[in-house]
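Here is a short briefing to read alongside the model. Take a moment to turn the structure around before going through the points below.

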Amino acid sequence: MVAEVLGGLNCRPGRLYVDGTIGEGGHAVAILDRIAQEGELVGLDRNPVVLEATARRLAPYTSRFFLFPAPFSRLGEVLAALGRSQAAGILLDLGLSSYLLERSGRGFSFRRDEPLDMRYNPGEPLPPAAELVNTLPEAELARIFWEYGEEPRARQVARLVVEARRRRPLRTTGDLLEAVSPVLRPRPGSRLHPATRIFQALRIAVNRELEELEAFLRQAPAWLEPGGRLVILSYHSLEDRLVKQHFLAWERQGLCRRLTKKPLRPTAAEVRANPRARTARLRIAEKI
Ligand SMILES: C[S@@+](CC[C@H](N)C(=O)[O-])C[C@H]1O[C@@H](n2cnc3c(N)ncnc32)[C@H](O)[C@@H]1O
């Protein structure tokens, strides 16, 4: 949905744009191409490791981008460090990067047997996934699988986790998959592996993703200049609901105008080319 993202941001030469989840820099390159020599891009990512490769990718643009290993909820501090307070556009792309899934070695994918960590940044003082599955009470695990994974068998899954950890601690993605597989069933009509929801739920819990998004949304209008755009790509209904509720509240308060009353969705061709985009929803708001 790159065209919709760029159109949503309304990239103009000479202005300051923020990519709050810059990852490997796919959107960033497209933004830099549009804002010309005088424009500036500030990129944040909670995963510090990826920023080295991103810096190399963006090297031809050296004078015009700044990268920060920080979560997007701390954009205010980042802008202040640059002597700025507002941007012409802010982008959040809340999905997982291929680096995290395929190369981080931190257990984001059940398709690889890796340590059960799942932190975007192991330097943050957050317990890794293994600590949650081995120590949380069964009811709390069930809540996580139900609320963050919308897993219909959340209670049975939590019970299996607790039974398995009594035998020996769960240390890897393989341990978790083996423990929970007996009760997981594919959803009718869905091609998703049934463990996807369990892994998503744990990742959200480990990184406190909804708290992080809420903290960002509480402050975001102040970080936009009048006429500035906020573009958010989310991939599950909990995130999209938060974004939708905040955009609506801002519109009612006369702070922003919603440019998408209904979220934009990827085309069938985009989903074929990139199956991870199948759940993407894009919302755009403009500061008044
Ligand atoms: C889908 S990827 C971004 C891909 C990027 N838009 C591109 O085009 O290459 C999402 C990125 O967001 C980062 N991330 C997740 N939560 C974050 C947060 N709260 N603050 C900053 N970055 C975050 C992840 O580490 C990951 O690199």
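A residue counts as buried when its relative accessible area is under 20%, as exposed when that area is over 50%, and as partly exposed in between. By that rule M118, with a relative accessible area of 0%, is buried. Please keep in mind that this is a predicted model. The points below start with the whole protein, then visit two helices, one strand and a few loop residues.

**The protein as a whole**

- The protein contains 13 helices and 7 strands.
- A compact globule of 288 residues would have a radius of gyration near 19 Å, and the 20 Å found for the protein agrees with that.
- Along the principal axes, the C-alpha atoms fill a box of roughly 60 × 40 × 35 Å.
- Of the 288 residues, 53% count as buried.
- The accessible surface comes to about 13,400 Å², and carbon and sulfur atoms account for 51% of it.
- If you take the contacts between residues at least 6 apart in sequence, 68% of them join residues at least 24 apart.
- Side chains with a charge number 45 positive and 34 negative, and the centres of the two sets lie 5 Å apart.

**Helix α10, residues 195-207**

- The 13 residues of α10 should span 18 Å at 1.5 Å a residue, and the distance of 19 Å between its end C-alpha atoms agrees.
- Helix α10 is largely enclosed by the rest of the structure, because 11 of its 13 residues are buried.
- The buried set in α10 is made up of A195, R197, I198, F199, A201, L202, R203, I204, A205, V206 and N207.
- What do these buried residues of α10 pack against? Their partners are α6 (129-135), α7 (138-149), α8 (154-167), α9 (173-180) and α11 (209-219).
- After α10 comes R208, with a positive phi near 50 degrees.

**Helix α2, residues 26-35**

- Helix α2 is mostly covered, with 7 of its 10 residues buried.
- Those buried residues are H27, A28, V29, A30, I31, L32 and I35.
- They pack against both helices and strands: α1 (2-9), β1 (16-19), β2 (40-44), α3 (50-57), β4 (87-93) and β5 (224-234).
- R34 also belongs to α2, and its relative accessibility of 43% makes it partly exposed.
- Leaving aside residues up to four places away in sequence, R34 touches L6, C11, R12 and P13.
- R34 and L16 are 18 residues apart along the chain, and their C-alpha atoms are separated by 12 Å.
- Just after α2, A36 has a positive phi of about 60 degrees.

**Strand β5: I232 and L233**

- I232 sits in strand β5, and at 1% relative accessibility it counts as buried.
- Which residues does I232 touch, not counting those up to four places away in sequence? The list is L92, L94, F216, L217, V243, F247, R281, L282 and R283.
- One of these partners, R281, is 49 residues from I232 in sequence, while the C-alpha atoms of the two are 8.1 Å apart in space.
- L233 lies in β5 as well, and it is buried with a relative accessible area of 4%.
- Beyond residues up to four places away in sequence, L233 touches M1, V5, H27, L92, D93, L94, A280, R281 and L282.
- H27, among the partners of L233, is one of the buried residues of α2.
- The C-alpha atoms of L233 and T279 are separated by 9.9 Å, with their positions 46 residues apart along the chain.

**Loop residues with positive phi**

- N10 is found in the loop between α1 and β1, and its phi is near 55 degrees, a positive value in a residue other than glycine.
- Is N10 buried or partly exposed? Its relative accessible area of 29% makes it partly exposed.
- M118, the residue with a relative accessible area of 0%, lies in the loop between α5 (98-103) and α6.
- Phi of M118 is near 70 degrees, again a positive value in a residue other than glycine.

Definitions and conventions
Residues are numbered from 1 along each chain as its sequence is written. This is a predicted model: local features need pLDDT of at least 70, side-chain atom pairs count only at pLDDT 80 or more; totals for chains, interfaces and linings use all residues. Side-chain values use heavy atoms; hydrogens and water are left out. Helices (H or I, at least four residues) and strands (E, at least two) are DSSP runs, numbered from the N terminus. The expected span of a helix is 1.5 Å times one less than its number of residues. Buried means under 20% relative accessible area, exposed over 50%, partly exposed in between (1.4 Å probe, protein chains only). Contact means heavy atoms within 4.5 Å. The radius of gyration is taken over C-alpha atoms; the globule rule is 2.2 Å times the number of residues to the power 0.38. Accessible areas come from the Shrake-Rupley method with a 1.4 Å probe; for residues, only the protein chains shown count as cover. Lys and Arg count as positive and Asp and Glu as negative; His and the chain ends are not counted. The place of a charge is taken as NZ of Lys, CZ of Arg, CG of Asp or CD of Glu.
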